[in-house]
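Q: Please take a close look at how two neighbouring helices can pack in this model, and then carry the same careful reading over to the rest of the structure.

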Amino acid sequence: MNKIPNRQIICDTLVEFGKDDQDIMVLTSDSRGSASMGNFAKELPEQLIEVGIAEQNLVGIAAGLAASGKKTFVASPACFLSMRSIEQIKVDVAYSQTNVKLIGISGGLSYGALGMSHHSLQDIAVMRAIPGIDIILPADRFETKLVIKALLTNKGAAYVRIGRNAVADIYESDSYDFQIGKAITLSEGNDLTIIATGEMVKVAVDTAAELKTIGIACRVLNMHTIKPLDEGAIIKAAKETGKIITIEEHSIFGGLGSAVAEVVVQNHPVPVRILGIPDEPAIPGKSQEVLAYYGLCTDNVKKIALQLLK
Amino acid sequence: MVTIEDLKAKATQIRKDVIEMVYRAKTGHTGSSLSNTDILTTLYYSILNVDPENPDLENRDRFILSKGHAVESYYAILGDKGFFPKEELKTFSEFGSRLIGHPNNKVPGVEMNTGALGHGLSISVGMALAAKKNQGSYRVFTLMGDGEQAEGSIWEAAMSAAHYKLDNLVAIIDRNKLQISGTTDFVMELEPLEDKWKAFGWEVIAVDGHDIEKMQQIFAAAPITKGKPTLVMAYTTKGKGVCYMENVPHWHHGVPTVEEYEQALEELCDKGGGQP
């Protein structure tokens with residue numbers, strides 16, 4: 001089992017490229033530890049800006065740096081970054097089109113036991129409604145590296161959400177074709193499709209493997225980019241498999257499931273089941289316990305799949 | 001060399017342009033734009049190193065209009081300086097015009113989109129930090145409103161500017177003591193405002209925000225203290241230059257009738273703003 005969390009990979013990648021490019025800058029809000037940016041601060045102290053616990057200022061400063069030619073990466077807990085700074089994200093980043101990459105760390109239910117103040121289960125919904133910002137949730141450490149490398153070469157605004165703990169590998173290496181906005185088919189099949197994002201991709205892959213043992217061919221789409229959304233892959237899945245399940249570590253409102261449903265109903269209506277966190281303050285507990293409680297686990301997704309296939 | 005008299009005449013002409021724009025568009029922040037006209041005129045015609053032919057020059061001075069609603073005088077100046085054809089001012093607030101009611105960076109010369117209050121200082125801190133990192137010699141100026149001082153994000157930014165010793169940053173407060181609902185002390189007590197900025201680690205200088213000569217001296221001299229950001233408290237009169245608008249909260253967002261429009265132009269022409 002992989003022991004390296006995605007946040008560590010982000011730090012390592014930014015250190016690797018930051019050594020040769022002084023325009024790469026990291027901004028933290030007393031979050032260098034939780035973002036695993038300690039090594040960046042040590043290796044490239046002149047390229048790290050600490051703003052203290054002040055998330056509005058964090059994003060505003062990043063936008064000002066970006067408007068002056070810097071490639072800024074803002075690393076702060078997703079729960080605060082996506083809410084406390086949302087107007088700066090809307091105006092200073094998305095509307096002004098500054099080269100700011102927002103890294104929401106400890107996303108979703110990572111801080112499960114800390115309660116709703118520390119859960120980020122609305123971030124995708126909020127970001128999706130703002131024009132001019134990409135939304136990306138990598139599935140594992142290899143994909144995380146590819147996301148950061150891709151972001152280093154584009155000039156647009158982006159929000160990347162990752163979890164706190166190390167997650168199981170989906171890929172064997174980072175040598176595969178990754179493109180922002182292009183879904184990846186991890187498992188072929190025409191009986192139904194599971195579309196997942198971020199760390200829920202693992203649940204989708206495991207569910208498909210179980211379904212395979214009982215003769216069900218389940219397509220799995222890794223929808224790492226929620227915006228711009230790969231509508232073509234969704235429409236194709238609707239047409240070819242006729243049934244879709246979405247899985248996300250996010251509210252059932254406004255996230256991946258909503259995005260998929262918007263495409264499906266307007267292009268090729270088929271039954272869709274949206275799995276996520278219901279409209280309530282999520283029950284506190286370790287993230288895996290909470291995810292299981294809400295059915296974001298292989299057993300339940302398999303059950304839903306079988307119901308859908310009846 | 002531009003003289004103080006030239007600058008005064010220019011400010012009067014800009015005020016006329018503001019009245020024309022608001023009257024034509026039937027919308028605008030008239031009082032706010034007249035309040036900051038002398039500050040912006042001083043900056044754009046005698047201080048800022050900016051080139052309308054090359055608006056993206058790397059070492060240009062940066063200006064951020066944090067009180068983005070006071071945009072008419074800003075557009076009038078950018079148009080007058082040739083960042084875009086001055087004729088375009090006639091499209092202010094029209095459907096499809098790039099000269100919308102708050103600054104946006106589709107307009108040449110405008111650095112960032114503002115309008116949501118309390119953002120400009122953080123952006124300016126970022127720009128000043130970038131200048132320090134790049135050993136750039138440019139300075140960053142931002143103009144805030146006094147009502148805007150109630151925004152908490154300003155104080156986050158103020159703290160960080162002092163922390164990073166950004167002596168290449170000059171923040172100006174257009175201290176006209178009025179906001180949309182009335183006086184600033186009625187809406188939210190701000191005083192002692194100069195002391196608050198001093199306590200946040202800034203070098204604070206007070207000036208009459210309509211005294212172009214004094215402002216020019218201060219802006220040219222900044223930073224006053226090495227290692228400290230400069231806060232210029234510019235005491236102003238909202239609606240300055242049009243007697244019936246001065247110090248009347250209604251003119252924050254008021255639009256003149258035809259009679260008021262003619263009276264305003266007449267008064268400004270008498271002050272040397274040319275023919276009506």
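A: In chain B, H4(B) passes H5(B) in a left-handed crossing (the near helix is turned anticlockwise from the far one by less than a right angle; clockwise would be right-handed). This is a predicted model, in which local features need pLDDT of at least 70 and side-chain atom pairs count only at pLDDT 80 or more, while totals for chains, interfaces and linings use all residues. Residues are numbered from 1 along each chain as its sequence is written, and chains are lettered from A and ligands numbered from 1 in the order in which they are written.

Helix H4 of chain B covers residues 120–133 and helix H5 of chain B covers residues 152–163 (helices, H or I with at least four residues, and strands, E with at least two, are DSSP runs numbered from the N terminus). Their axes lie 8 Å apart and make an angle of about 25° (axes are lines fitted to C-alpha atoms, for helices over the stretch in contact, and angles run from 0 to 180 degrees between N-to-C directions). H4(B) and H5(B) are therefore roughly parallel (under 35 degrees; over 145 is roughly antiparallel, 65 to 115 roughly perpendicular and the rest oblique).

From H4(B), Leu121(B), Ser122(B) and Val125(B) meet residues of H5(B) that include Ile154(B), Ala157(B) and Ala161(B) (contact means C-beta atoms, placed from the backbone, within 7 Å). By class, this contact of H4(B) with H5(B) has six nonpolar, three polar and no charged residues (Ala, Val, Leu, Ile, Met, Phe, Trp, Tyr, Cys and Pro are nonpolar, Asp, Glu, Lys and Arg charged, and the others, Gly among them, polar).

Chain A offers helices packed on a sheet. An open sheet of five strands runs in the order E7-E9-E8-E11-E12 of chain A, with mixed pairing (strands pair if DSSP finds at least two bridges between them). Strand E7 (184–187) and strand E12 (272–277) of chain A are its edges, each pairing on one side only, and the twist from one strand to the next averages 25°. Helix H9 (residues 231–241) of chain A packs on this sheet, touching E8, E9 and E11 of chain A, and its direction makes about 175° with that of E9(A). Helix H12 (residues 298–309) of chain A lies across E8, E9, E11 and E12 of chain A, at about 145° to E11(A).

Finally, the contact between the chains takes 22 residues from chain A and 19 residues from chain B. On the side of chain A, H3(A) gives the largest share, nine residues.

Terms used
Contact = placed C-beta atoms within 7 Å.
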